[in-house]
Amino acid sequence: MKSVIIGAGVAGITAAKTIKEIDRDAEVVVIGDEMFLPYKRYLLTELLCGLLTQDDLIFLSLELLHKLDIKLRMGESVKSIEPSKKLITLHHNEIIPYDKLLIATGCIPSLGLILRPYKSYIQHYYSLNDILVLKNRLPEIKKCIVFGKGVSCLDLISGLYNLEKQITYITKGKRAHFGLKESEFKDKLHDFLEEKGIDIVTEDRIVSIDTSKHGYRVDTLRQKKLTADIIFGWDHYTHPIFHVSRIHQSKKD
Ligand SMILES: Cc1cc2nc3c(=O)[nH]c(=O)nc-3n(C[C@H](O)[C@H](O)[C@H](O)COP(=O)(O)OP(=O)(O)OC[C@H]3O[C@@H](n4cnc5c(N)ncnc54)[C@H](O)[C@@H]3O)c2cc1C
């Protein structure tokens, strides 16, 4: 039985380990499009802040992968799935057959229609590669603008705060809450961040970004004019698997 897993994040690798625990003879292939060994994404900010090293983030070493007999195809992207024939095609057109397929491609932060034209001005905050690039830029960064949702946005703000950067957070909501639903802390978060010196712009959003020799100039819907050395943000999360085409058998086949 050959199991193929698309996505070498925590979910994909945990599934691979579990399959091998249940059936030692199973053939397990994990295909991941990042160029790194599987790592703990939730610790990226600790790496950015210099609290952990890149090695500390590794989720499963090459040695362990080998010992568990899990085949990892790093830096390979799946471009199409043909469920009726149980085949997947990689970016370089290699075709891989499977008996069972698991899709563990997670979610990626994405921009909506208004900000998409400015995407080259907006720093990603999702992958190990993003953090390694960002670490090199840190010394030249003082003022940051952040917009976005979720725990990773809050994590980013706490990282920038620890790095003593000046932060403006822009939210469409009446208060900063980062979508934390269950946490007791969620109602206190806005005031807590303001007490820490974070400038929170509420009920507003970025509508355009321009460059100047000093960095970026940002216009908001409520006609605020802001400047920054770097802009981080995303409007929503999308499932990367939607970019993988599904090829279905035609009636003739
Ligand atoms: C900075 C940061 C801090 C976070 N902090 C926390 C936290 O404190 N607590 C918490 O619960 N969560 C946190 N998260 C979220 C957490 O990291 C994610 O929920 C978790 O990584 C999801 O794991 P996953 O394996 O499902 O997906 P991912 O980690 O997103 O892995 C999916 C993998 O699939 C790959 N992939 C996508 N498409 C393809 C394709 N076509 N072919 C091959 N590979 C593909 C992707 O490149 C990626 O490597 C944080 C996230 C970030 C970015």
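**View 1. D69, a partly exposed loop residue in the predicted model.** D69 has a relative accessibility of 43%, so it counts as partly exposed. The residue sits in the loop that links α3 (62-67) to β3 (70-74). Its phi is positive, near 60°, and D69 is not a glycine.

**View 2. F178, a buried loop residue.** F178 also has a positive phi, about 60°, without being a glycine. The loop here runs between β11 and α6. Relative accessibility is 4%, under the 20% limit, so F178 counts as buried.

**View 3. The surroundings of F178.** Neighbours within four places in sequence are left aside. F178 is then in contact with K149, G150, V151, C153, L154, I157, Y169, L189 and L193.

**View 4. The largest nonpolar core.** This core has 31 residues. Y125, V146, I157, Y169, F178 and F232 have the most contacts inside it. Elements that give two or more residues are α2 (44-48), α4 (128-137), β10 (143-147), α5 (151-162), β11 (166-170), α6 (186-195) and β16 (230-233). The largest share, five residues, comes from α5. Domain 1 (2-108 + 239-246) and domain 2 (112-234) both give residues, so the core lies between them. In soluble globular proteins, nonpolar side chains tend to be buried together.

**View 5. Another core, apart from the largest one.** This core has 14 residues. Among them are L115, I122, I145 and Y216.

Definitions and conventions: Residues are numbered from 1 along each chain as its sequence is written. This is a predicted model: local features need pLDDT of at least 70, side-chain atom pairs count only at pLDDT 80 or more; totals for chains, interfaces and linings use all residues. Side-chain values use heavy atoms; hydrogens and water are left out. A nonpolar core is a set of buried Ala, Val, Leu, Ile, Met, Phe, Trp, Tyr and Cys residues joined through side-chain atoms within 4.5 Å. Buried means under 20% relative accessible area, exposed over 50%, partly exposed in between (1.4 Å probe, protein chains only). Helices (H or I, at least four residues) and strands (E, at least two) are DSSP runs, numbered from the N terminus. Domain bounds come from an automatic or database domain assignment. Contact means heavy atoms within 4.5 Å.
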